[in-house]
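Please work through the exercises below with the sequence and the 3D view open beside you, and try each task before you read its solution.

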Amino acid sequence: IDPVLDQFGQWWVSLFSRSPASRLAWKERTGQTPKRHSATRWWSLWEVYEQLLQQFGDVQPFLQALETSPAAKRNLEAITDDPDQLQRLRLELAITIDAGGPFVRKTYQLEGDGPLALDAYRHLQEVATAAAQQHYPNTYAIAAEIANGDADVARQHVQYAKACVQPAVNYFLQRFNNQEGDLYNLVRAFKSARLFCPLQVQDLNPQPAAVDQLRLFPFFDDDGIINALKSELPAYMTAAEGTQREVDRVSWWERHSELLPAWQDGARRILTVLPSSAPAERVFSLLQAAYTHQQDGVLSDHIEASLMLQYNRGRQS
């Protein structure tokens, strides 16, 4: 398979990255600012393709009226003016949005703030389930439309679309489920982190042996810590019983620090574990914006206090 979208996407991204006039023309036609691709945000390309699929009916008229970027226009129209390539392009866009959607949505959630370590496994599991189930509504709808009611032709279109993404789906599922792979222990670690959620622990109903799984985190790989957690487990289960879904889990641990000192200390450690680098990157962005080379002599405690204030102010706004 030689996907048309690879070629079209490169020229489409190039068109808007280099031509302000093209961006303005798109906005005037559709009422939407064109999505931009960022090399540091892998999911931004999916966002570009999502907008392209949603506004697909505007693509050909937009290109026909475009008076700038002749090279990009020529290459894009070479695809849109070919009925076979245009059809494949639409199918490939649909399958990319359908198959990539769960990955992008969970990335949004895992790059936020809060007790992400407690929910990371659930998000990963939901992505794996979506990848295995292969629920592709846009693809089926567009295949049926292109086939004009012919079920056999529609089925062929769906098969083509699925074949475009199947290698990527297989790669993810293989890495996620491979018990000898480097990702497996990371997934198991976040699975064990659920023990520190007073909501999830009620459903998990763990036995003392389940606490041993926390050793996957280096700071829990200590007999004294593990035994203390096991000793407090019955009291923890009793305290967690009846906890409401809307509870602030960080505040919950603050309130139970005296009753469950070992678990509260463990929660404090586990909540510092982040499933992505996004929060740290936001701090470095703040640092870069607030301090220049002319402030190299600023004391570290001043920098720390300033960044904490800026970061927390940003979360509250």
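The exercises that follow concern a predicted model, and they move from the core to a pocket and then to salt bridges.

**Exercise 1. Find which residues have the most contacts inside the largest nonpolar core, and which helix gives the largest share of that core.**

Solution. Begin with the core as a whole, which has 45 residues, and note that those with the most contacts inside it are Phe-196, Leu-214, Phe-220, Leu-229, Tyr-236, Trp-253 and Trp-263. Next, look at the elements that give two or more residues to this core, among them helix 7, helix 12 (223–240) and helix 14. The largest share, seven residues, comes from helix 7. Finally, select Trp-263 and leave aside its neighbours within four places in sequence; its contacts then include Phe-196, Leu-229, Tyr-236 and Trp-253.

**Exercise 2. Describe the lining of the largest pocket by helix and by residue class.**

Solution. Start from the space itself, since about 1,100 Å³ lies in the largest pocket. The pocket is lined by 38 residues, and Trp-42, Gly-100, Phe-103, Val-104 and Phe-172 lie nearest its centre. Then sort the lining by helix: helix 6 supplies the largest share, 10 residues, while helix 1 (4–18) and helix 3 (43–54) are among the helices that each supply at least two. Sorting by class, you should arrive at 28 nonpolar, five polar and five charged residues.

**Exercise 3. Decide whether each partner in the salt bridge between Arg-29 and Asp-58 is buried, partly exposed or exposed.**

Solution. First locate the pair, in which the closest N and O atoms are 3.5 Å apart. Arg-29 belongs to helix 2 and Asp-58 to helix 4, and the two are 29 residues apart in the chain. Now apply the cut-offs, by which buried means under 20% relative accessible area and exposed means over 50%. Asp-58 has 18% relative accessibility and therefore counts as buried, whereas Arg-29, at 42%, is partly exposed.

**Exercise 4. Carry out the same classification for the salt bridge between Glu-145 and Arg-90.**

Solution. In this pair the closest N and O atoms are 3.2 Å apart, and the bridge links Glu-145 in helix 8 with Arg-90 in helix 6, 55 residues apart. Glu-145 has 51% relative accessibility, so this residue counts as exposed. Arg-90 has a relative accessible area of 21% and is therefore partly exposed.

Notes:
Residues are numbered from 1 along each chain as its sequence is written. This is a predicted model: local features need pLDDT of at least 70, side-chain atom pairs count only at pLDDT 80 or more; totals for chains, interfaces and linings use all residues. Side-chain values use heavy atoms; hydrogens and water are left out. A nonpolar core is a set of buried Ala, Val, Leu, Ile, Met, Phe, Trp, Tyr and Cys residues joined through side-chain atoms within 4.5 Å. Buried means under 20% relative accessible area, exposed over 50%, partly exposed in between (1.4 Å probe, protein chains only). Helices (H or I, at least four residues) and strands (E, at least two) are DSSP runs, numbered from the N terminus. Contact means heavy atoms within 4.5 Å. On a 1 Å grid over the protein atoms alone, a cavity is a set of points where a 1.4 Å probe fits but cannot get out, and a pocket is an open set with protein on both sides within 12 Å along at least five of seven lines; lining residues have an atom within 4 Å of a point. Grid points are joined across faces, edges and corners, and a volume is the space filled by probe spheres set on the points. Ala, Val, Leu, Ile, Met, Phe, Trp, Tyr, Cys and Pro count as nonpolar, Asp, Glu, Lys and Arg as charged, and the others, Gly among them, as polar. A salt bridge is a side-chain nitrogen of Lys or Arg within 4 Å of a carboxyl oxygen of Asp or Glu.
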